[in-house]
Amino acid sequence: MISQLVPTFVTYAVLTASPGPGNMAIGAVAARHGRRSGLTYAAGLLAGGFVWAVLAATGVSTLLVAATELLTALKILCAAVLFWLAWKSMRNAFRGNHLTGTPDSDDAPNRLVLARRGFLMQVSNPKAVITWIAVMAVGLHVRSSLAVPFVTIGICEILGMAIFATYALVFSIGVVARGYRRAYRWVEGALGIAFTAAGIRLLTASRL
């Protein structure tokens with residue numbers, strides 16, 4: 001069964017590893033506050049992705065598409081979260097607070113706050129929705145056994161953990177972190193634009 005699901009895992013890995021709002025946010029957190037903070041934020045992302053994984057596996061996402069009013073409310077709520085994240089990034093960019101040359105874990109939010117931010121980021125991230133719908137479309141078939149969704153979600157979550165952890169580790173490396181901190185205003189501005197674009201894309205999309 002595992003060998004038959006290889007295309008599914010490849011689909012997940014490619015979509016998850018490709019640059020997006022979630023990956024960019026992990027990099028920013030890790031570069032600014034250190035490896036541990038980046039990993040904590042990544043854990044929140046994984047939890048948010050798990051929500052969409054379950055919805056996609058159980059077919060709830062299909063029901064949401066059919067329930068127009070509920071879908072619209074969900075899209076507005078998710079877009080609001082993305083616009084809030086965009087505002088925070090843009091505020092940081094225009095303030096241009098001074099950053100030291102190395103990650104500073106002392107001014108990092110506590111772990112619960114970081115994990116919550118990562119969770120909210122991922123449950124409102126259109127890329128996460130597209131990723132899990134694509135994964136289930138590739139991996140699930142009419143004759144698939146009941147174990148397939150559980151195996152798919154489990155292995156994809158492990159892959160996601162490895163991918164997100166890699167982002168956190170790479171961006172917490174001294175030379176990379178220093179580069180981020182020198183370009184802090186530009187990076188935060190890019191994050192703000194990415195979050196805004198994701199929110200607009202979510203509101204204007206005809207489906208999740």
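Biologist: Why does Ser-124 count as buried?

Modeller: Its relative accessibility is 2%, and buried means under 20%, so Ser-124 qualifies. This is a predicted model, so the value is computed from predicted coordinates.

Biologist: Where is Ser-124 found, and what lies 2.7 Å from a polar atom of its side chain?

Modeller: Ser-124 is in the loop between H6 and H7. The atom at 2.7 Å from its side chain is the backbone oxygen of Leu-120. A polar contact requires N or O atoms within 3.5 Å, and 2.7 Å satisfies that distance.

Biologist: What is there at the start of H6?

Modeller: A side-chain oxygen of Asn-110 comes to within 3.1 Å of the backbone nitrogen of Leu-112. The cut-off is again 3.5 Å.

Biologist: How do you know that the length of helix H6 agrees with what its 13 residues should span?

Modeller: H6 covers residues 111–123, and at 1.5 Å a residue the span should be 18 Å. The expected span uses one less than the number of residues. The end C-alpha atoms of H6 are 18 Å apart, so the two values agree.

Biologist: Which residues of H6 are buried?

Modeller: Val-113, Leu-114, Gly-118, Met-121, Gln-122 and Val-123.

Biologist: Why are H3 and H6 called oblique to each other?

Modeller: Helix H3 (residues 35–58) packs with H6 at an angle of about 40°, the axes being 7 Å apart. Roughly parallel needs an angle under 35 degrees, and roughly perpendicular runs from 65 to 115. An angle of about 40° fits neither class, and the pair is therefore oblique. The crossing of H3 past H6 is right-handed.

Biologist: What makes H2 mostly covered?

Modeller: Of the 13 residues in H2, 12 are buried. Among them are Pro-21, Asn-23, Arg-32 and His-33.

Biologist: How do you know that the span of H2 agrees with its residue count?

Modeller: Helix H2 runs over residues 21–33, which at 1.5 Å a residue should span 18 Å. Its end C-alpha atoms are 18 Å apart, so the span agrees. Just after H2, Gly-34 has a positive phi of about 110°.

Biologist: How many aromatic pairs does a search of the whole structure find?

Modeller: Two. One of them is formed by Tyr-12 and Trp-132, with 5.1 Å centre to centre and 45° between the planes.

Biologist: Why is the pair of Tyr-12 and Trp-132 called tilted?

Modeller: Stacked means planes under 30 degrees apart and edge-to-face means over 60. The angle of 45° meets neither condition, so the pair is tilted. Tyr-12 belongs to helix H1 (residues 6–17) and Trp-132 to helix H7 (residues 126–139), so the pair ties together parts 120 residues apart in sequence. Both residues are buried.

Biologist: What makes the pair of Tyr-167 and Phe-171 stacked?

Modeller: The planes of their rings are at 5°, which is under the 30 degrees needed for stacked. The ring centres are 6.4 Å apart, and the limit for pairing is 6.5 Å. Tyr-167 and Phe-171 are four residues apart in helix H8, which means about one helical turn separates them.

Biologist: Are Tyr-167 and Phe-171 buried or partly exposed?

Modeller: Tyr-167 has a relative accessible area of 19%, so it is buried. Phe-171 has 28% and is partly exposed. The cut-off for buried is under 20%.

Biologist: Why does Ala-162 count as partly exposed?

Modeller: Its relative accessibility is 45%. Exposed would need over 50% and buried under 20%, so Ala-162 falls in between. Ala-162 is in helix H8 (residues 147–172). Its C-alpha is 9.8 Å from that of Ala-13, although the two are 149 residues apart in sequence.

Terms used:
Residues numbered from 1 in each chain as written. Predicted model: local features only at pLDDT ≥ 70, side-chain atom pairs only at ≥ 80, totals over all residues. Heavy atoms only, no water. Helix = DSSP H or I, 4+ residues; strand = E, 2+ residues; numbered from the N terminus. Buried < 20%, exposed > 50% of the residue type's maximum accessible area, 1.4 Å probe, protein only. Phe/Tyr/Trp six-rings, centres within 6.5 Å; stacked < 30°, edge-to-face > 60°. Polar contact = N/O pair within 3.5 Å; in protein donor to acceptor, adjacent residues only side chain to side chain. Axes fitted to C-alpha atoms, helices over the stretch in contact; angles between N-to-C directions. Parallel < 35°, antiparallel > 145°, perpendicular 65-115°, else oblique. Left-handed = near helix turned anticlockwise from the far one by under 90°.
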